[in-house]
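Here is a friendly walk through a structure you may be seeing for the first time. Have the 3D view open as you read, and follow the names as they come up.

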Amino acid sequence: MKCFSRYLPYIFRPPNTILSSSCHTEADIISTVEFNHTGELLATGDKGGRVVIFQREQESKNQVHRRGEYNVYSTFQSHEPEFDYLKSLEIEEKINKIRWLPQQNAAYFLLSTNDKTVKLWKVSERDKRPEGYNLKDEEGRLRDPATITTLRVPVLRPMDLMVEATPRRVFANAHTYHINSISVNSDYETYMSADDLRINLWNFEITNQSFNIVDIKPANMEELTEVITAAEFHPHHCNTFVYSSSKGTIRLCDMRASALCDRHTKFFEEPEDPSNRSFFSEIISSISDVKFSHSGRYIMTRDYLTVKVWDLNMESRPIETYQVHDYLRSKLCSLYENDCIFDKFECVWNGSDSVIMTGSYNNFFRMFDRNTKRDVTLEASRENSKPRAILKPRKVCVGGKRRKDEISVDSLDFSKKILHTAWHPSENIIAVAATNNLYIFQDKVN
Amino acid sequence: MEVQKEAQRIMTLSVWKMYHSRMQRGGLRLHRSLQLSLIMRSAREVYLSAKVEAHEEPGVPSQPACSLDPRLHPPREAQTRVEAALSDSEQLCPEPMDTQEAPRAEESPARCAPRPAKISRKRRSSSLANSGDAGLVPSKKARLEEEGAEEGESSEISNRLQPPPAQAEGAFPNLARVLQRRFSGLLNCSPAVPPTVPPPPACEAKPVCRRADSMLNVLVRAVVAF
C-alpha cells in the first residue's frame, strides 16, 4: 500500500512544545485560531473570553533546529460575561472569531467578537521608558519646585519588553442574534459582522453606528426556514462578500447593487442527492464555514460531512467535493443523540490555494491536495507527537478486517474534535486547536 | 411499527434537546432551535406517514418503505398525503393539544393531527389521565415523592455515542423523567452492526402502553410551549 506521506506536498513535524493550559477547564477550550497577514503572529481565543497571541521567534543561526517557533507574546482578557437585563439572558464571553487587520505601523490590531460585541484591540510593544523628568522623580511623585535647580531633557532608556493590549473600539448593541462571523474588508476601513439573521457593515472609526446590509428575518418568525451561518468579504474586491446559510446555500452579494443586499448577485446551491436523503439531511447540509481562496476565484464551504470548493463563475454545483468523514453517515442518529451533529467545523486554504484542511473527530484533521487529489488524515496528540518526528498518517477502518494501525469507527473519541485550524499565509505551518491544546506543526526541515 | 417507534424516539429526543437548550448559557440559539425543529418535523412526517400506511393496510405488518435511520428515505407520496391532511387539520386546530379526549383519538386515520370535535370544558390533566398519559402531566404529588431522587444536570459530552445525561428539573419534571426513561430504555441496547447494514432501531426495555396519538399530542404541545 502506498504511503500517503510520500505524496504529500508537506510532511509535518510536531513542535518541541505543545502549547496548552496546565489544567483543563471549560474556559480553556480554544474557540478560534487565526494567523495574521504575515504569519508572524498567531492569535487564539477561548471560551473564557481570553485572547492569547503567539509570536514567531526570529530565526537564529545558532539554533537552526528551532526554526521560527511560536512563543507566547501577549495574553489579555478580551470579553467578560455580561447580562442582558431586558431579556434575562447571560451573554457568553466565549470568543467566536478573531480577525487581524493588516499591519500599518509598529502596533498590531485585531478584531475579536463574542455573541454580541465586537472589539478592536491594539497590541503594542513598549521597550523604552522616559527618564529624567524635571517635575517628577523616578517613582512619579511630584518634586518640590524649590528643589529644582537645573533643567534637563528627559531621555528614553531601554526597559524590559512589555506588550500591552488596549481596547481601542467597542462595537456593541448592533446584533439581536448571536454573532457568528466577522470579516475585514479589503479597503481596511470597514468590516462586517454577521449574526443568524443579519449582517452589519461597520467603519472602524465609528462605533455607534452600523449599516445593515443583509436582513433575512421574515416578518413572521414562524416562517423562518434558514439562518446565516458564516460570512466573508472578498479578499480583493471591497464591494463583494458571500454568506452561507443553514440550508447549504451560498449567496454572493455586491454592495454596489443596492444598500440592502437582500437580493443576491449569485446563488450557489448543489442539488440534493436523493440517494443520500435521510432524517438528518437538512441539518448536515448546513454550512458551518465559508472561506474565499487567496486568489479570490474560489470559495470553500464546510458542511458536516464534506468540504466543497466552488468556482465563483459556476453556481450550479461545486467543482470539487471532498469527503471528510463519510463513515459517519451511518452514525448520524447517534451523533444527533450526543449533539455532535451540531458541531461547526472550520476549513482553511494554504497559502497557494493548492491544499485545503479541516478538522474531524478523535483529534484527527484532514488535508486534501487539490492538484494531486491525494488526501491524508493526521492526528494531533501528545502521544504521537515526539519532537521532530514526522506525523504518521492515520486511517479509519470502515469495515472488514482492521489493520494494526487503523482505528475503527466505533473507537473514535467524539469528545476530541478539531473544529478550528489555521494555515500560515505563506509557509507550511499549521495551527490546530484540539480542545484546550494548540498544536503547531511545521514543514519538515531538510 | 418500528419506523413509528423510531420516529417517536427522535421526536422525544428533539423535544428534550429543545427544552435543555433553554437552560444553556447564552440563551436559546436560533440556529440550533431551527435544526431541532427540522428534525422534529421530519420525524413527525415519517411517523405520520408510517401510521397512515399501517392504517391503510390493517392486519399486514407495517413494512417501512425504508429503514428509519441515517439512510432513511421518507415515502414522499405518503408524506404529501399526510401533509395535505395535516394542513387541513391544522387549519381547524392551531392548538391541537387543547382539548383532546381519549375517544377522539380513534377518529379518522387521515386526521393524523388530533382535532377536537368540540371544545371540552374538562381540565387537560384529567383528559390526559384518562388516556394514559398521567405521567406526562405535572403532578404535585408525584413531585413531592420523587423530589429526593432528582438527578442533577450534567453537561458532559458523551465520548462513545452514549445516551445524553439526565435531564434537569424544570417546569415539567415528570415529563422530563418520562422522556428520559423512555429514551434511555430505547437506547440501552446497542447492537454491534457492520457499517454497511443499517443498524436496527433501538429496542425498548419496557413497552409503555399509551396511545401513540396522545403521545404525539403531548410532544407537539411541548414544542408549542417552548
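A charge is said to sit over a ring if NZ of Lys or CZ of Arg is within 6 Å of the ring centre and within 35 degrees of the ring normal. Keep in mind that what you see is a predicted model. With that rule in hand, look at B:Lys17: its charged end sits over the ring of A:Tyr336, 5.3 Å from the ring centre. Chain A has a case of its own, where the charged end of A:Lys136 sits over the ring of A:Tyr133, at 4.5 Å from the centre.

**Chain B's helix**

B:Lys17 brings us to chain B, where helix H1 covers residues 2-21. H1 of chain B has 20 residues and spans 28 Å from its first C-alpha to its last, close to the 28 Å expected at 1.5 Å a residue. Is this helix enclosed by the rest of the structure or left open? Of the 20 residues of H1(B), 18 are buried, so the helix is largely enclosed by the rest of the structure.

**Rings that meet**

Now for the aromatic side chains. Over all chains, the structure holds 20 aromatic pairs. One of them joins A:Phe268 and A:Trp310 edge-to-face, with 6.0 Å centre to centre and 75° between the planes. This pair ties together distant parts of the chain: A:Phe268 belongs to strand E20 (residues 266-268) and A:Trp310 to strand E23 (residues 306-311), both in chain A, and the two are 42 residues apart. Are these rings' residues buried or exposed? A:Phe268 counts as buried because its relative accessibility is 0%, and A:Trp310 is buried too, with a relative accessible area of 1%. Elsewhere, ring pairs link A:Phe171, A:Tyr191, A:Trp202 and A:Phe204 into a cluster.

**Strands side by side**

The strand that holds A:Trp310 has a partner to look at. E23(A) pairs with E24(A) in the antiparallel sense, over four bridges. Within this pairing, A:Thr306 has A:Gln323 of E24(A) as its bridge partner. Strand E24 (residues 320-323) of chain A shows two faces: A:Glu320 and A:Tyr322 are on the covered one, while A:Thr321 and A:Gln323 are on the uncovered one.

As a bit of background, strands of a sheet pair through backbone hydrogen bonds, either parallel or antiparallel. Here are some antiparallel pairings of chain A, each with a pair of opposite residues.

| Strands (chain A) | Bridges | Residues opposite each other |
|---|---|---|
| E23 and E24 | four | A:Thr306 and A:Gln323 |
| E25 and E26 | three | A:Cys347 and A:Thr358 |
| E10 and E11 | six | A:Leu111 and A:Leu120 |

Next, two open sheets. In chain A, four strands run in the order E9-E10-E11-E12, with antiparallel pairing. Its edge strands are E9 (97-100) and E12 (155-171), each of which pairs on one side only. On average, neighbouring strands in this sheet are turned by 25° against each other, direction ignored.

Another open sheet of chain A also has four strands, in the order E25-E26-E27-E28, and its pairing is antiparallel. What leaves one side of E25 and of E28 without a neighbour in the sheet? Strand E25 (347-349) and strand E28 (375-379) stand at the edges with a single partner strand each, so one side of each has no neighbour there. Here the average turn between neighbouring strands is 20°, direction ignored.

**Cysteines on their own**

A:Cys347, which stands opposite A:Thr358 in E26(A), leads to a different topic. A disulfide is a covalent bond between the sulfur atoms of two cysteines. How many disulfides are there over all chains? The count comes to zero. For A:Cys347, the closest cysteine sulfur is in A:Cys253, 19 Å away, and that is too far for a bond because a disulfide needs sulfur atoms within 2.5 Å. A:Cys347 is buried, its relative accessible area being 0%. A:Cys397 counts as buried as well, at 8% relative accessibility.

**Two loop residues with positive phi**

Finish with a couple of backbone details. A:Ser88 has a phi near 55°, a positive value in a residue other than glycine. You'll find A:Ser88 in the loop between strand E7 (82-84) and strand E8 (89-91) of chain A. A:Asn362 is not a glycine either, yet its phi is positive, at about 60°. The loop that holds A:Asn362 lies between E26 and strand E27 (364-369) of chain A. With a relative accessible area of 9%, A:Asn362 is buried.

How values were computed: Residues are numbered from 1 along each chain as its sequence is written. Chains are lettered from A and ligands numbered from 1 in the order in which they are written. This is a predicted model: local features need pLDDT of at least 70, side-chain atom pairs count only at pLDDT 80 or more; totals for chains, interfaces and linings use all residues. Side-chain values use heavy atoms; hydrogens and water are left out. Rings of Phe, Tyr and Trp (its six-membered ring) pair if their centres lie within 6.5 Å; planes under 30 degrees apart count as stacked, over 60 as edge-to-face and the rest as tilted. Buried means under 20% relative accessible area, exposed over 50%, partly exposed in between (1.4 Å probe, protein chains only). The expected span of a helix is 1.5 Å times one less than its number of residues. Two strands pair if DSSP finds at least two bridges between them. Axes are lines fitted to C-alpha atoms, for helices over the stretch in contact, and angles run from 0 to 180 degrees between N-to-C directions.
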